[in-house]
Amino acid sequence: MDIIRTYFPDISERQTEQFAMLEGLYNDWNAKINVISRKDIQNLYEHHVLHSLGIAKVVHFRSGTKIMDLGTGGGFPGIPLAIMFPETEFHLVDSIGKKVKVASEVASAIGLENVRFSHARAEEIKDKYDFVVTRAVMPMPDLMKVARKNIDKEQHNAVPNGIIALKGGELNGEIASMRNISTVWELSEFFDEEYFKTKKVVHVAIVAKK
C-alpha cells in the first residue's frame, strides 16, 4: 500500500482506505477463483494496482468521463482507476463470468459507486465511451477493430477520445501500421521499480463517425 502513497501522495483518506482494502479482498478471492497468478499475488500493489494507475500518470479524466475497461479480468485497470477518479463512470467488461464476479464483489466491498459490470464479449457492447482502456488484452490493431465502434465523438478531456492500453515489451512492429498513434509513454519515467522498465501506456486517438 505504501507504494501507492509514494507515487500518489494527494489521494484522500477514503481513497487510501479503498486501496488498502484491496489486498485482503484479492487474497481471499484469488484463493477461490484464480484471477491473478498465485506466484504474483504477493506483488498485487506493484504489478497490478500501481501498473493500472500508470494511466492516471498520463491522463487526468474529467468529471463525467465515460470509460470502458475491456477485458478487465479481476478488475484491472478499471478498479484502481475508479478509486482514483470517483467522478468518472467505468464499465468493466470481460468474457469470463467468474472474473467479472470477482471484480464486482471487490468493487462492492470497497464501496465503489462509479462502476458497472458486464459479462460479455467486446463485440456485444454497443455503448459509447470517451475512452476504452485495457491491459494487454490483444494486439493494438485487433483492439482497434473491436473498440473503434465504442468511441464517442464528443470530447471532454485534454487527451483526445480513443483507446488507452497498458502494454509491455517491444511495440514497434505492433503499432507500425497505425498512423493515428498519439503517444507512447514509458512508465519508467514515472515509476522507479524494475518491473516498469519495459512497461508502456499507449494512446490511440480515434475520430468517431458523426
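1. Starting with the fold: the chain has eight helices and seven strands. Keep in mind while you look around that this is a predicted model.

2. On overall shape, the C-alpha trace spans about 45 × 35 × 30 Å along its principal axes. The radius of gyration is 16 Å, and a compact globule with 210 residues would come out near 17 Å, so the chain agrees with that expectation. As for burial, 53% of the 210 residues count as buried.

3. Now the charged side chains. Side chains of opposite charge can pair when their charged atoms come close. How many salt bridges does a search of the whole structure find? The search turns up eight, and the next three points go through some of them.

4. Take Asp-28 and Lys-32 to begin with. Their closest N and O atoms are 3.3 Å apart, and the two form a salt bridge. Both residues sit in helix α2 (residues 13–32), with a spacing of four residues, about one turn of the helix. Asp-28 counts as partly exposed because its relative accessibility is 41%, which falls between the 20% and 50% cut-offs. Lys-32 has a relative accessible area of 52%, so this lysine is exposed.

5. Next, Arg-121 and Glu-123, whose side chains meet in a salt bridge at 3.6 Å, N to O. Are these residues exposed, partly exposed or buried? Glu-123 is at 38% relative accessibility and therefore counts as partly exposed. Arg-121, at 49%, also counts as partly exposed, because exposed means over 50%.

6. Then there is Glu-194 with Lys-197. A salt bridge joins their side chains, with an N to O distance of 3.3 Å. Here both partners are exposed: Lys-197 has a relative accessible area of 51%, and Glu-194 has 58%.

7. Finally, have a look at the lysines on the surface. Which residues gather in a patch of positive charge there? They are Lys-126, Lys-128, Lys-149 and Lys-153. One of them, Lys-126, lies in the loop between β3 (115–119) and β4 (131–135). Lys-126 counts as exposed because its relative accessibility is 60%. If you are browsing the structure, that loop is a handy place to start finding the patch, since Lys-126 belongs to both.

Key
Residues are numbered from 1 along each chain as its sequence is written. This is a predicted model: local features need pLDDT of at least 70, side-chain atom pairs count only at pLDDT 80 or more; totals for chains, interfaces and linings use all residues. Side-chain values use heavy atoms; hydrogens and water are left out. Patches are made of residues with over 30% relative accessible area and no salt bridge: like charges are joined within 9 Å, nonpolar side chains (Val, Leu, Ile, Met, Phe, Trp, Tyr) within 5 Å. Accessible areas come from the Shrake-Rupley method with a 1.4 Å probe; for residues, only the protein chains shown count as cover. A salt bridge is a side-chain nitrogen of Lys or Arg within 4 Å of a carboxyl oxygen of Asp or Glu. Lys and Arg count as positive and Asp and Glu as negative; His and the chain ends are not counted. The place of a charge is taken as NZ of Lys, CZ of Arg, CG of Asp or CD of Glu. Helices (H or I, at least four residues) and strands (E, at least two) are DSSP runs, numbered from the N terminus. Buried means under 20% relative accessible area, exposed over 50%, partly exposed in between (1.4 Å probe, protein chains only). The radius of gyration is taken over C-alpha atoms; the globule rule is 2.2 Å times the number of residues to the power 0.38.
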